[in-house]
Amino acid sequence: MAEGQPTAVKAWLDGVLTFDGRPAGEALTHAVRPPRAGGFEQWIVGHKIPVGDAMAVAIGFIKTHGTFLFDGISVVIRGMVNGVTALLRTLPAPALIVVIAALAWALRRSVALAAFVALALLFILNQGYWLATIETLALVMVATVASAAIGVPVGIAAAHRPRLFAALRPALDLMQTLPTFVYLIPTLVLFGLGVVPGLISTVIFALPAPIRLTHLGISSVPKPLIEAGEAFGATPMQLLWKVELPSAASTIVAGITQCIMLSLSMVVIAALVGAGGSAYRWCAR
């Protein structure tokens with residue numbers, strides 16, 4: 001605008017000073033000064049790498065030729081989420097509250113915790129968010145099961161193959177560094193608004209935790225246990241199921257717990273793109 005209407009800009013900035021006391025017109029002139037002709041900056045700008053154009057062409061090609069694949073994935077994901085949601089809805093709210101409170105007591109052996117869980121769920125029911133909470137619970141359950149089903153076997157394979165873990169480590173570091181909203185961009189482009197991009201983004205976001213902690217647990221199995229199993233003639237599969245997994249069970253469970261918490265945090269954000277759940281209903285109201 002400064003180049004198109006220099007007279008108007010000069011009139012607007014007449015008498016205006018910057019924070020350091022310079023005239024605003026002079027500061028603007030220096031700010032918008034183009035790179036020197038023939039300089040290094042001009043050469044860099046003139047030889048721009050067409051990353052944006054290449055990505056646009058690639059995304060257009062994928063969307064054009066991958067319609068059946070994306071539609072199939074969408075049908076499967078919607079079917080799983082809708083099935084779990086329908087199953088939870090068939091249970092009466094008081095019965096489900098009792099079951100969850102009993103599960104809390106069985107896990108922690110704490111009457112106070114079980115009572116708090118029951119009262120918290122009753123408060124949600126009282127406020128009219130029960131169905132939205134059921135939708136959120138279904139999304140978290142499906143995302144957690146999918147992340148654990150992928151992450152635990154990959155973590156076991158990475159623990160047995162150091163080169164595989166060395167190849168996965170940069171990707172895992174990147175996945176745990178990127179902001180949460182970044183995961184929604186490619187899935188929104190490919191699948192549009194709805195539960196599908198939210199669930200896929202949630203699975204990707206929560207995946208590094210079970211992979212890393214499963215790898216840590218399997219790698220930390222004491223060598224004497226493995227040597228004892230090998231001495232008794234155990235096969236690699238028997239070593240995995242009877243020695244390594246029982247020894248690493250606490251670490252793997254910790255990874256699944258982290259997966260649940262990450263899934264819950266991402267499901268709340270995914271509600272902004274129409275994934276459903278309590279956050280979506282709250283924003284809609």
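**Entry 1: surface patch**

I began with the surface and found a nonpolar patch made of L174, L178, V182, I185 and V189, with about 380 Å² of accessible area together. The model is a predicted one, and I read it as such. I then looked up V182, one of the patch residues. V182 sits in the loop between helix 9 (162–177) and helix 10 (184–191). Its relative accessible area is 32%, so I noted V182 as partly exposed.

**Entry 2: helix 10**

Next I asked which residues of helix 10 are buried. They are L184, T187 and F191. These three cover an arc of only 75° around the axis, and therefore lie on the same side of helix 10. I also checked what covers the buried residues of helix 10, and the cover includes helix 5 (67–90), helix 11 (195–206) and helix 15 (249–270). After helix 10 comes G192, and I noted that its phi is positive, near 75°.

**Entry 3: the chain as a whole**

I stepped back to the totals. The secondary structure of the protein chain comes to 16 helices and 0 strands. Of the 285 residues in the protein chain, 32% are buried. I looked up the contacts with a separation of 6 or more, and residues 24 or more positions apart account for 71% of them. The protein chain exposes about 18,000 Å², and carbon and sulfur atoms supply 71% of that area.

**Entry 4: aromatic pair**

I searched for aromatic pairs and the structure holds 1. The pair is Y183 with F205: the ring centres are 5.5 Å apart and the planes stand at 75°, so I logged the pair as edge-to-face. It links distant parts of the chain, with Y183 in the loop between helix 9 and helix 10, F205 in helix 11, and their positions 22 residues apart. Are the two rings' residues buried or exposed? Y183 has 8% relative accessibility and counts as buried. F205 has 14% relative accessibility and counts as buried too. The cut-off I applied for buried is under 20% relative accessible area.

**Entry 5: salt bridges**

How many salt bridges does a search of the whole structure find? It finds 2.

I took R89 and E135 to start with, where the closest N and O atoms are 3.2 Å apart. R89 lies in helix 5 and E135 in helix 8 (residues 130–160), so this pair ties together parts that are 46 residues apart in sequence. I then compared accessibility within the pair. R89 is partly exposed, at 44% relative accessibility, whereas E135 is buried, at 16%.

The other salt bridge joins R212 and D173, with the closest N and O atoms 2.2 Å apart. R212 belongs to helix 12 (residues 208–219) and D173 to helix 9, so the pair ties together parts that are 39 residues apart in sequence. R212 has 22% relative accessibility and counts as partly exposed. D173 is also partly exposed, with a relative accessible area of 35%.

**Entry 6: cross-references**

I went back over the elements that came up in several entries. Helix 5 is among the elements that cover the buried residues of helix 10, and R89 of the salt bridge with E135 lies in helix 5. Helix 11 is also part of that cover, and F205 of the aromatic pair lies in helix 11. The loop between helix 9 and helix 10 holds V182 of the nonpolar patch and Y183 of the aromatic pair. In that loop, V182 is partly exposed, whereas Y183 is buried.

Technical notes. Residues numbered from 1 in each chain as written. Predicted model: local features only at pLDDT ≥ 70, side-chain atom pairs only at ≥ 80, totals over all residues. Heavy atoms only, no water. Patch = residues over 30% accessible without salt bridge, like charges linked within 9 Å, V, L, I, M, F, W, Y side chains within 5 Å. Areas by Shrake-Rupley, 256 points an atom, 1.4 Å probe, with all protein chains shown as cover. Salt bridge = Lys/Arg side-chain N within 4 Å of Asp/Glu carboxyl O. Helix = DSSP H or I, 4+ residues; strand = E, 2+ residues; numbered from the N terminus. Buried < 20%, exposed > 50% of the residue type's maximum accessible area, 1.4 Å probe, protein only. Arc of directions from axis to C-beta. Contact = heavy atoms within 4.5 Å. Phe/Tyr/Trp six-rings, centres within 6.5 Å; stacked < 30°, edge-to-face > 60°.
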